[in-house]
Amino acid sequence: EKFYRKIYDDQEDWFRSIFTSPIEESNQNLADFLIQRIGGTPYYSERKGFPALIDRHAMFNISEDSAERWLGYMNESLNEMEDDIDEKYRRELSDFLRYTAYFLVVAQKSKTIMENMGPGS
């Protein structure tokens, strides 16, 4: 909850405009996604279908700047949980989330390149 509170309190319109769902829904989606991703109950898929991160984020401007801002808030939140999550697991989760954030950046860049190539290129 603290993580998305940071996101939703962000003062930069270019960043805040990416997050259009109610904060409760965003919290639930992230929790369910992470639980499923680490091998737990597939709550996310049960509620929303296959995660399909690229498709679910395609309508947003996922740039390196937005990925870094998102990761900054996430790492800040993870560091605030130092008494709750072992450092090794916080680091592994942080690495996974960095990979995932940049996976979305690269996917969006690739889509833009393909769209600009046009038919028959």
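The axes of helix H3 (residues 23-37) and helix H7 (residues 87-117) cross at roughly 110 degrees and come within 13 Å. Helices here are DSSP runs (H or I, at least four residues), numbered from the N terminus. Axes are lines fitted to C-alpha atoms over the stretch in contact, with angles from 0 to 180 degrees between N-to-C directions. H3 and H7 are therefore roughly perpendicular (65 to 115 degrees). Phe-33, Leu-34 and Arg-37 of H3 touch Leu-93, Phe-96 and Leu-97 of H7; contact means heavy atoms within 4.5 Å.

This is a predicted model: local features need pLDDT of at least 70, side-chain atom pairs count only at pLDDT 80 or more, and totals for chains, interfaces and linings use all residues. Residues are numbered from 1 along each chain as its sequence is written, and side-chain values use heavy atoms, without hydrogens and water.

Now the pockets. A pocket is an open set of points on a 1 Å grid over the protein atoms alone, where a 1.4 Å probe fits, with protein on both sides within 12 Å along at least five of seven lines; lining residues have an atom within 4 Å of a point. Volume is the space filled by probe spheres set on the points.

| Pocket | Volume | Lining | Top helix |
|---|---|---|---|
| Largest | about 690 Å³ | 27 residues | H3, 5 residues |
| Second largest | about 550 Å³ | 21 residues | H3, 5 residues |

Closest to the centre of the largest pocket are Tyr-4, Phe-19, Leu-53, His-57 and Trp-70. In the second largest pocket, Leu-34, Leu-78, Met-81, Ile-85 and Leu-93 lie nearest the centre. Leu-34 and Leu-93 also belong to the H3 and H7 contact.

Notes: Helices (H or I, at least four residues) and strands (E, at least two) are DSSP runs, numbered from the N terminus. Angles under 35 degrees count as roughly parallel, over 145 as roughly antiparallel, 65 to 115 as roughly perpendicular and the rest as oblique.
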